[in-house]
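Student: Hi! Could you walk me through this one? I'd like to start with a single residue and work outwards.

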Amino acid sequence: MSELPDPDSFGDYAQWPGREVHGPGGRLGKVVEIYLDDATDRPEWVLVELDEGSRFVPLAGGSVEGETIRVAHGTKAVGAAPDFELSKELTQDQERRLYDHYAVPVSEDESDSLLPDPEPEPEPTPEPEPTPEPEPEPEPEPEPTVAAVPEPTPVPAPAPEPTPEPEPTPEPEPTPEPEPVAALPPEGETSEPENQGPPVPPRPEPVAPPFTPPPHAAAQPESSSPPAPAIAGAIALAILLLIILRRRGS
């Protein structure tokens, strides 16, 4: 707000020099003098003593708190304000420069001099331009539906057939050994000693049993020639018969 404070809140203006002035950020400095408006006699400015000199600060929007004046402007704005030479009053041009610096709206309706405008006319708000309605977007054409192709069912591999074990090879049966054949004496000789006395009739020689082939011989294939043992037996029998006949003839 830009309204000036109530004059009754200050009391005796002569007692204010030396009191403190505070801003939004804290202490600004000490009061040097309070300046009143010529037309309304309302407190309009306070001259504040800073470290780098004195500056005019508007009392618009300020207040009195006991023996302290609180203004609406901070140290940075006050320190950068125009530096005027001290005088008993401010000219209208100086006031305008100060108000422009502090960005305080002013009016000349209530006084020949400038005063802060407590209710500045609001700037007309431009009507918003109508927003054009968005054009409807064309509906996308439906994509053709592709029938799902079923995946082939995996066929299990056939189990390998078991390899037949080889049949055992039969061992060959042993070949029977031929029977021993008695050695024959040299031709013209007999096996018995000579001059042994009268001849003794020979004992009947045992007849060799008929040759019976071994059991496994039956499994052998038939052959056109007789087996070797049979031939040997026949030869031995013939030799014995020849010896007997010779003995009888002698």
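Student: Let's take Leu98, then. Which helix does Leu98 lie in?

Tutor: Leu98 is part of helix H2, which covers residues 92-102. One thing to say early is that this is a predicted model.

Student: Is Leu98 buried or exposed?

Tutor: Leu98 is buried, because its relative accessible area is 0% and the cut-off for buried is under 20%.

Student: And what is Leu98 in contact with, leaving aside neighbours within four places in sequence?

Tutor: With that filter, Leu98 is in contact with Trp45, Phe56, Pro82, Phe84 and Leu90. Take Phe56 from that list: Leu98 and Phe56 are 42 residues apart in sequence, yet their C-alpha atoms are 7.8 Å apart in space.

Student: Nice, let's follow Phe56. Which residue forms an aromatic pair with Phe56?

Tutor: Before that pair, here is the wider count: the structure holds four aromatic pairs. One of them is Phe10 with Trp16, where the ring centres are 5.7 Å apart and the planes meet at 65°, so the pair is edge-to-face. Your Phe56 pairs with Tyr35, and that pair is edge-to-face too, with 5.2 Å centre to centre and 75° between the planes.

Student: Where do Tyr35 and Phe56 lie?

Tutor: Tyr35 lies in strand S2 (residues 26-36) and Phe56 in strand S4 (residues 53-58), so their pairing ties together parts that are 21 residues apart in sequence. Both Tyr35 and Phe56 are buried.

Student: Back to Phe10 and Trp16. Which residues do ring pairs link into a cluster?

Tutor: The cluster is made of Phe10, Tyr13 and Trp16, linked by ring pairs. Phe10 is buried at 5% relative accessible area, and Trp16 is buried as well, at 1%.

Student: What sits over the ring of Trp16?

Tutor: That would be the charged end of Arg19, which is 4.5 Å from the centre of the Trp16 ring. Arg19 also forms a salt bridge with Glu67, with 3.9 Å between the closest N and O atoms.

Student: Why does the pair of Glu67 and Arg19 tie together parts that are apart in sequence?

Tutor: Glu67 is in the loop between strand S5 (63-65) and S6, while Arg19 is in the segment before strand S1 (20-23), so the salt bridge joins parts that are 48 residues apart in sequence.

Student: Buried or exposed, what do we have for those two?

Tutor: Glu67 is exposed, with a relative accessible area of 52%. Arg19, at 17% relative accessibility, counts as buried.

Student: How many salt bridges does the count come to?

Tutor: The count comes to four salt bridges. Among them is the one between the side chains of Asp83 and Arg55, at 3.7 Å from N to O. Asp83 lies in the loop between helix H1 (75-79) and H2, and Arg55 lies in strand S4, so this pair ties together parts that are 28 residues apart in sequence. Asp83 is exposed, at 54% relative accessible area, whereas Arg55 counts as buried at 10%.

Student: Which residue does the side chain of Glu65 meet in a salt bridge?

Tutor: Glu65 meets Arg70, and the N to O distance is 3.1 Å. Glu65 counts as partly exposed at 41% relative accessibility, and Arg70 is partly exposed at 31%.

Student: Changing topic: how many helices and strands does the protein have?

Tutor: There are three helices and eight strands. Starting from the N terminus, the elements run β-β-β-β-β-β-α-α-β-β-α. Buried residues make up 21% of the 250 residues, and the accessible surface is about 20,600 Å², with 55% of that belonging to carbon and sulfur atoms.

Student: What about contacts between residues 24 or more positions apart?

Tutor: Such residues account for 50% of the contacts with a separation of 6 or more.

Student: Last topic, confidence. What is the mean pLDDT of the protein?

Tutor: The mean pLDDT is 75, and 60% of the residues reach 70 or more.

Student: In which strand is confidence lowest, and in which is it highest?

Tutor: Confidence is lowest in strand S8 (residues 115-116), with a mean of 74, and highest in strand S6 (residues 68-70), at 94.

Student: And where does pLDDT stay under 50?

Tutor: That happens over residues 217-223, where the model has zero contacts beyond four places in sequence.

Definitions and conventions: Residues numbered from 1 in each chain as written. Predicted model: local features only at pLDDT ≥ 70, side-chain atom pairs only at ≥ 80, totals over all residues. Heavy atoms only, no water. pLDDT = per-residue confidence, 0-100. Helix = DSSP H or I, 4+ residues; strand = E, 2+ residues; numbered from the N terminus. Contact = heavy atoms within 4.5 Å. Buried < 20%, exposed > 50% of the residue type's maximum accessible area, 1.4 Å probe, protein only. Areas by Shrake-Rupley, 256 points an atom, 1.4 Å probe, with all protein chains shown as cover. Phe/Tyr/Trp six-rings, centres within 6.5 Å; stacked < 30°, edge-to-face > 60°. Lys NZ or Arg CZ within 6 Å of the ring centre and 35° of its normal.
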